[in-house]
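The following exercises concern a ligand site and the enclosed space of a protein. Each task is followed by a worked solution.

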Amino acid sequence: MARISINIKEAKIEKREIICGIDLGTTNSLIAFVNKETGKAECIKEDGKNSLVPSIVHFEKSGSPFRELAGKQEQGKIIVGSIAKQFLITDPQRTIYSVKRLMGKSYKDVSGKENYFGYKIIDEDEDKLVKIRVDNKFYSPIELSSLILKELKERAEKVLNAAVKKVVITVPAYFNDAQRQATRDAGKLAGLEVLRIINEPTAASLAYGIDTKATQEKTIAVYDLGGGTFDISILKIHPENEGGIFEVIATNGDTFLGGDDFDRAIVDFWLQKNNLAEEKLLEDKSLSQSLRLKAEEAKIFLSNNNQFESQFCHAEHFDKLSTSFIEAHPDLNLNISKKEFESITQHLIEKTMQCVKRALKDAKLDANAIDNIVMVGGATRIPSVKKTVADFFGKEVYDDLNPDEVVALGAAIQADILAGNQKDILLLDVTPLSLGIETMGELMDVIISRNSKIPTSAARQYTTSKDGQVNMKIAVYQGERDVVKDNRKLAEFTLNNIPPMPAGLPKVEISFILNADGILKVRAKELRSGIEQSIDVKPQYGLTDAEVEKMLFDSITHAKEDMNIRAVLEAKTEAQQVLQSAEKFLKINTAILSEEEIAGVRSHMNALEEVLNSTDKDLIHLKLDELNEFTQPFAHRVMDSVMLEAMKGKKI
Ligand code: ADP
Ligand code: MG
């Protein structure tokens, strides 16, 4: 017996399993889950406080003196997160940040930007993916990302006191396939099963509960200003009854514009105020890093206060500064007011707004067409950023949730849906059986074929088979057989109130939208009049794997037989159509046809009718051709385009 393998990924997720959501960010990463008790998404907080894990990996010097003392010749430890961040100043060569920028990139992609990174990027081969060199070891961005993911996994396991094996990871909407695949691979390497990669803006919208439950289509702008990158995404959300799909309609942004630039603006401001040239700063890497950290502190402080005051005392840093520098400069005054901060950063905000305008232009939308604006990323806490965005759209922005956490929270919600905790449905990556409708002759017309990735959608046009037909029955089936009765009927509904038209004239578009949760929405719309009707179906609901397997098996064993039946039924349907048209043709054109001609048509029609129920498709075709041949010369004289159309095309 032949064996058939069915691809029903994710179909067997046990109930009550914890699946986490991960925001793998350029600057910070987070892991979140949906709390069973509250039903709400929360970020995992180490020691109950901080949910942010800086996306920084530090490789401790191997053979550190302490270890040697202890008699251990082991390799240096790998540290991830806020402790690693401290080494940015003291050991930049061994401290890797912004690795997300390198995901799925070749050296050629990053050339010219090497200065941005404080560590070594290897350029062995231009076309190959980049590697990062630490001492004598080479690491790929995938490996480095996996270290961050592993850290998140371990933190979550500690707090939840349970194993975390399955996750949803977010990526920017503009990530290409290579970058998405690299992210999946990083997950695998960290010992995680990545159930789904979802777009960051989609996750953020989910976190705000802007989802598919709405009854109306919505357009959302997600403004994400992170540490080093800015992304604007325009999303269209099709409501649940239309498949509940989040569609990214435009993205724009700047991969080198973010909160860091605001920090740099503050550093420049201080340098100017203290009459320090930038070259001096560059001479001293650790001084520049210290100033940057101070600047970030000032920026964050100014989000809630009007004045920041601090000093840079040489005494505190003399171990890091060159003597010549200390001699040449007094202590630095590090003050800045909110007003000053706003004036030195306005051009950066302006730059983000240029991207917003471009995205809207690409989406062919006006600012006032946006229903909701979602603020994402730590830097959107800056009041002037919020105000500029709100003023531009003329609407309040969504900023109630913590902007650093919102993407991770949305990922957790998506994970919870996949865990089967939110709806009682079977989840599939692909649709295991074809979905289609019944067309004339009781034939299955496939609209979404088996193994299509979901979510997916497809549409096809049909027409009526009778003159003046005002109703059309739409029967939805699932299965691989050619004749509908051998498949599984999922639903049936009627499109009513089609304006009376000659057969073949109405254009009825049937669209199938299968959402990520496996819910099928079927919509029928008569395009000339605009009337429409739709229905929701749960295709896989109630089918066991064994049943699916049997249906597939049957389709293969009956393939030949089915093909014959289909051919006969198709021939019969066509014959019936032509007979109907011929009848109509005679009625309309009695006046211009000779008696002889009419009798000839009649006899050919009778001959065709006689073989209508035959199982010999060739015989039907023969009689059909004879009738066509006979009528053709005069049919051409009088037949209008409507009739021609009626003889073509599929009818329901
Ligand atoms: P990413 O998505 O790039 O990982 P995040 O969303 O975590 O980044 O944003 C990090 C940025 O947010 C940093 O530049 C940080 O300084 C900035 N940030 C965090 N909190 C505030 C705040 N209260 N005010 C202004 N900027 C902030
Ligand atoms: Mg982010």
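**Exercise 1.** Which helices each supply at least two residues of the shell around ligand 1?

*Solution.* The model is predicted: local features need pLDDT of at least 70, side-chain atom pairs count only at pLDDT 80 or more, and totals for chains, interfaces and linings use all residues. Residues are numbered from 1 along each chain as its sequence is written, ligands are numbered from 1 in the order in which they are written, and side-chain values use heavy atoms, with hydrogens and water left out.

Step 1. Helices are DSSP runs of H or I with at least four residues, and strands are runs of E with at least two, numbered from the N terminus.

Step 2. Helix 7 (259–273) and helix 9 (285–302) meet the condition. Helix 9 gives the largest share of the shell, three residues.

**Exercise 2.** State how many residues surround ligand 1, and identify polar side-chain atoms beside the ligand.

*Solution.* Step 1. Ligand 1 is surrounded by 17 residues, counted when a heavy atom lies within 4 Å. T27, N28, E296, K299 and S303 are the closest.

Step 2. For polar contacts (pairs of N or O atoms within 3.5 Å), K299 places a polar side-chain atom 2.6 Å from an oxygen atom of ligand 1. Nitrogen atoms of the ligand are approached by polar side-chain atoms of S303, at 2.7 Å, and of R381, at 2.9 Å.

Step 3. Ligand 1 taken alone exposes 590 Å², of which the protein buries 90% (Shrake-Rupley method, 1.4 Å probe).

**Exercise 3.** Describe the largest cavity.

*Solution.* Step 1. A cavity is a set of points on a 1 Å grid over the protein atoms alone where a 1.4 Å probe fits but cannot get out; lining residues have an atom within 4 Å of a point. The volume is the space filled by probe spheres set on the points.

Step 2. The largest cavity holds about 80 Å³ of space. Its lining comprises 13 residues, with L24, G25, K100, M103 and S145 nearest the centre.

Step 3. Helix 4 (141–160) and strand 11 (166–171) each supply at least two lining residues.

Notes
A polar contact is a pair of N or O atoms within 3.5 Å; within protein, one must be able to donate a hydrogen and the other to accept it, and residues adjacent in sequence count only if both atoms are side-chain atoms. On a 1 Å grid over the protein atoms alone, a cavity is a set of points where a 1.4 Å probe fits but cannot get out, and a pocket is an open set with protein on both sides within 12 Å along at least five of seven lines; lining residues have an atom within 4 Å of a point.
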